[in-house]
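Me: I am new to this structure and would like to go through it slowly, with the reasoning given at each step. Please begin once it is shown.

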Amino acid sequence: MTSINSVVFVIVAFRNPVDHLLQLSGALTKAARDVGYEARVNLVVNDGTVVPSSNDVRVVDGHGNIGFAAGVAEGVRCSVEDYIVVVNPDCGIDYEVFRTFMEKVRPGRGILMPMLHKPNGSFDYMPYENWTYSIGRKVSELLCRRLERRSGSTIPRYAKLSGAFLGMERATAFELDLPFDQSYFLYAEDRDMTDRARRIGVPLVLLRDVRITHAGGESGRTVSELVEKCKADGSLRVAYRRYGRLGAALYDADLCLVDIAKRAFGKPSAVAAHRWSAARWRNAGYCDPGPLTEEILREKQMA
């Protein structure tokens, strides 16, 4: 079995404070080195922000906003290290927790994921929810709320991995397409990756004694319409991957009914963004209409 001597932390940044990115990078590399690994950060900048590179931080930029999955792929592709850790830039800076995570790394262990907690200390169950349709989402929510109290280290079927913080060997990342499918621009790529990892028998390990603080969604709050388009497209794509054309059509109907119900009860809903994404799939006969790009996402109307 191949030994692990080096680690690279892949961070995809979009409208994140530079000081936070550099402090986060410093804490991650120090934690890995103190455990005995060679360490580096591949910081993929998706918004054109100028970030200084150093011996510890390799900056990957100049490509525009290519989305999260493709951004992670860029960071993995230019790595040479034995082990990959994907870190969301919204994670809190906690050297001791990062060190504990690195102490859990072993060859052949599969994909490691910590427990995610909100800044107020409460367990953040939402990143673990694994669903296809609204009813399933509610069931998954109820089960994932109890995930913190559940025994065992294997991530159960009703839960998924999250791109907020996870680690795997380099070979596993390449086997899983670096490791997210780049057809997903934002959101749902982790549901898809979880499905693919399970199909090929990769162990999915929940590290119950590693508590990562994750603010969640901070980098996407200023582009909410774009995010809503991506959420709808990602869920349509998951439904299609799991159940084919009928699955995508059913999710279109599901999304429409949820939007109608929200409006009837006076709750906000991004109807226009959802209909934009659904129209792409409907126009393609509920077959894959192709990956999203920033240019496509910013179109005002469907062609």
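Me: Which are the buried residues of α2?
Reply: This is a predicted model, and a residue is called buried when its relative accessible area is under 20%. In α2, that group is made up of Phe68, Ala69, Ala70, Gly71, Val72, Ala73, Gly75 and Val76.

Me: How many of the ten residues of α2 are buried, and what covers them?
Reply: The cover over the buried residues of α2 includes the strands β1, β2 and β4, together with the helices α5 and α6. The helix is largely enclosed by the rest of the structure, because its count of buried residues, out of ten, is eight.

Me: How many helices and strands does the protein have in total?
Reply: Helix α2, which spans residues 68-77, belongs to a secondary structure that comes to nine helices and seven strands.

Me: What radius of gyration does the protein have, and what would a compact globule have?
Reply: The C-alpha trace spans about 55 × 45 × 35 Å along its principal axes, and buried residues make up 51% of the 303 residues. For a compact globule with 303 residues the radius of gyration would be near 19 Å, and the protein agrees with this, since its own value is 19 Å.

Me: Among contacts between residues at least 6 apart in sequence, what percentage join residues at least 24 apart?
Reply: One contact that reaches across the sequence is the aromatic pair of Phe68 and Phe180, which links parts of the chain 112 residues apart. Among contacts between residues at least 6 apart in sequence, the share that joins residues at least 24 apart is 74%.

Me: Are the planes of Phe68 and Phe180 stacked, edge-to-face or tilted?
Reply: The structure holds eight aromatic pairs, and in this one the ring centres of Phe68 and Phe180 are 5.5 Å apart. Planes under 30 degrees apart would count as stacked and those over 60 as edge-to-face. The planes of Phe68 and Phe180 are at 45 degrees, so the pair is tilted.

Me: Where is Phe180, and is it buried or exposed?
Reply: Phe68 lies in helix α2, whereas Phe180 is in the loop between α5 and α6. Phe68 has a relative accessible area of 12% and is buried. Phe180 has a relative accessible area of 0%, and is therefore buried.

Me: Which residue lies over the face of Trp131?
Reply: Trp131 forms one aromatic cluster with Tyr133, Tyr243 and Tyr251. Elsewhere, the charged end of Arg237 sits over the ring of Tyr184, 5.8 Å from its centre. Over the face of Trp131, at 4.0 Å from the ring centre, lies Arg191.

Me: Which strand gives the most to the largest nonpolar core?
Reply: The largest nonpolar core has 70 residues, and those with the most contacts inside it are Phe9, Ile111 and Tyr128. With seven residues, the strand that gives the most to this core is β1.

Me: How many residues are in the second, separate core?
Reply: Tyr128, one of the residues with the most contacts inside the largest core, touches residues including Met113, Phe123, Cys144, Leu147 and Leu206. The second core is separate and includes Trp131, Ala248, Trp281 and Tyr286, and its number of residues is nine.

Me: How many disulfides does the structure hold?
Reply: A disulfide is a covalent bond between the sulfur atoms of two cysteines. Cys144 counts as buried at 0% relative accessibility, while Cys256 is partly exposed at 30%. For Cys144, the nearest cysteine sulfur is that of Cys91, 18 Å away, and the number of disulfides in the structure is zero.

Me: What is the C-alpha distance between Tyr83 and Asp259?
Reply: Tyr83 is found in strand β4 and counts as buried at 1% relative accessibility. Its contacts, leaving aside neighbours within four places in sequence, include Ile4, Val105, Leu112 and Met168. Tyr83 and Asp259 are 176 residues apart in sequence, and their C-alpha distance is 42 Å.

Me: How far apart are the C-alpha atoms of Glu81 and Ile4?
Reply: Glu81 is found in the loop between α2 and β4 and is buried, with a relative accessible area of 8%. Leaving aside its neighbours within four places in sequence, Glu81 is in contact with Ser6, Val7, Val8, Arg40 and Arg170. Glu81 and Ile4 are 77 residues apart along the chain, and their C-alpha atoms are separated by 8.6 Å.

Conventions. Residues numbered from 1 in each chain as written. Predicted model: local features only at pLDDT ≥ 70, side-chain atom pairs only at ≥ 80, totals over all residues. Heavy atoms only, no water. Phe/Tyr/Trp six-rings, centres within 6.5 Å; stacked < 30°, edge-to-face > 60°. Helix = DSSP H or I, 4+ residues; strand = E, 2+ residues; numbered from the N terminus. Buried < 20%, exposed > 50% of the residue type's maximum accessible area, 1.4 Å probe, protein only. Lys NZ or Arg CZ within 6 Å of the ring centre and 35° of its normal. Core = buried A, V, L, I, M, F, W, Y, C linked by side-chain atoms within 4.5 Å. Contact = heavy atoms within 4.5 Å. Disulfide = S-S within 2.5 Å. Rg over C-alpha atoms; globule rule 2.2 N^0.38 Å.
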